[in-house]
Amino acid sequence: MGKKIFVSYKYADDHVENLSIYENSTVRDYITKFEEILDSSDNIYKGESDGEDLSKLSDDTIWEKLKDRIYDSSVTVIFISPEMKEVWKEEKDQWIPWEISYSLKETSRKNKNGDPVTSKSNAMLAVVLPDENGSYSYYLEKKQCCENGCTMHCTNKLFSIIRKNKFNLKEATKKECETGSVIWYGECSYIKAVKWDAFINNYSVHIEKACERQDNIDNYEICKEV
């Protein structure tokens, strides 16, 4: 069955690996690639372009701009890229945190019969894009501190609302690494991160996993505010 997918991303970030030898790529090119392989029964709603200043807009105005597409979606895919976060701007003045916040909120609207219908929090998934050198290590850093190795998530690179919805399973399986870091197992994050190459080769599996987490959302400590 098709999914209605809202995509949150930094439109003009060009610090990503080129998809073609003929021109420089931006995150928007990765969205196009994703659209090309979507099943015909899936629908995609793209987030706002990144050129609009939010600092003078009220929460209600921002919501009016986003609510139709987000309300009519069931899955939100966040594309993580090296320059996704503008560190010199407050997070409330950037689109992505608002898009995630409204994706997670339950919203009531009236249907054609005038009856109130409340949306569920969207299923969520983060797709990490490769940087200009084809590396994911700006966010997913391989470590050799354990016998089998592990991956460190550089969550300081994320917006706060994404960070707070990672490693947020209430009763998670985890243990302490030899270095004192904590190793988490299983579906430990509501917003799970996957690499682009794994996602694009089998996107439907990753989205179905996100929907399974949505079915079990009460098992997670969910942050919905920017």
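**Pockets, Strands and Buried Elements of the Predicted Model**

Biologist: The second largest pocket has a volume of about 180 Å³, in what is a predicted model. How many nonpolar residues does the lining of this second largest pocket have?

Modeller: The lining includes Ile80, Pro82, Met84, Val87 and Leu158, together with Tyr138 and Tyr139. Ser81 and Asn156 also line the second largest pocket, as do Glu83, Lys85 and Lys157. By class, two lining residues are polar and three are charged, while the nonpolar ones number seven.

Biologist: What volume does the largest pocket have?

Modeller: The lining of the largest pocket takes in 27 residues. By class, 14 of them are nonpolar, seven polar and six charged. The space in this largest pocket is about 630 Å³.

Biologist: Which residues of the lining lie nearest the centre of the largest pocket?

Modeller: Strands β7 (140–143), β8 (150–153), β10 (182–184) and β11 (192–195) each contribute at least two residues to the lining of the largest pocket. Within the full lining of 27 residues, those nearest the centre are Cys150, Thr151, Met152, His153 and Phe167.

Biologist: Which element supplies the largest share of the lining of the second largest cavity?

Modeller: Across the whole structure, two cavities of 30 Å³ or more are found, and the second largest holds about 40 Å³. Its lining has four nonpolar, five polar and two charged residues, among them Trp63, Tyr102 and Lys120. Helices α2 (59–71) and α3 each supply at least two lining residues. The largest share, three residues, comes from α2.

Biologist: Helix α3 takes part in that lining. How many residues of α3 are buried?

Modeller: The buried residues of α3 include Trp95, Trp98 and Tyr102, as well as Glu99. Ser101 and Ser103 are likewise buried. Helix α3 spans residues 95–104 and is largely enclosed by the rest of the structure, because its buried residues number 10 of the 10.

Biologist: Turning to the strands, which residue of β2 is the bridge partner of Val7?

Modeller: Strand β1 covers residues 4–8, and four of its five residues are buried. Four bridges join β1 to β2 (residues 43–46), and the two strands run parallel. In β2, the bridge partner of Val7 is Lys46.

Biologist: Which residue of β3 is the bridge partner of Phe6?

Modeller: Strand β1 also pairs with β3 (residues 75–80) over four bridges, in the parallel sense. In β3, the bridge partner of Phe6 is Thr76.

Biologist: Is the β-α-β unit made by β1, α1 and β2 right-handed or left-handed?

Modeller: Strands β1 and β2 are parallel. Helix α1 (residues 27–37) belongs with these two strands to one β-α-β unit. The handedness of that unit is right-handed.

Biologist: Cys154 and Cys188 prompt a question of accessibility. Is Cys188 buried or exposed?

Modeller: The cut-off for a buried residue is under 20% relative accessible area. Cys154 has a value of 11% and is therefore buried. Since its relative accessibility is 8%, Cys188 also counts as buried.

Biologist: How many disulfides does the count come to?

Modeller: A disulfide is a covalent bond between the sulfur atoms of two cysteines. The rule applied here asks for a pair of cysteine sulfur atoms within 2.5 Å. By this rule, the number of disulfides comes to zero.

Conventions: Residues are numbered from 1 along each chain as its sequence is written. This is a predicted model: local features need pLDDT of at least 70, side-chain atom pairs count only at pLDDT 80 or more; totals for chains, interfaces and linings use all residues. Side-chain values use heavy atoms; hydrogens and water are left out. Buried means under 20% relative accessible area, exposed over 50%, partly exposed in between (1.4 Å probe, protein chains only). Two strands pair if DSSP finds at least two bridges between them. A crossover is right-handed if, with the strands pointing away from the viewer, the path from the first strand over the helix to the second runs clockwise. On a 1 Å grid over the protein atoms alone, a cavity is a set of points where a 1.4 Å probe fits but cannot get out, and a pocket is an open set with protein on both sides within 12 Å along at least five of seven lines; lining residues have an atom within 4 Å of a point. Grid points are joined across faces, edges and corners, and a volume is the space filled by probe spheres set on the points. Ala, Val, Leu, Ile, Met, Phe, Trp, Tyr, Cys and Pro count as nonpolar, Asp, Glu, Lys and Arg as charged, and the others, Gly among them, as polar.
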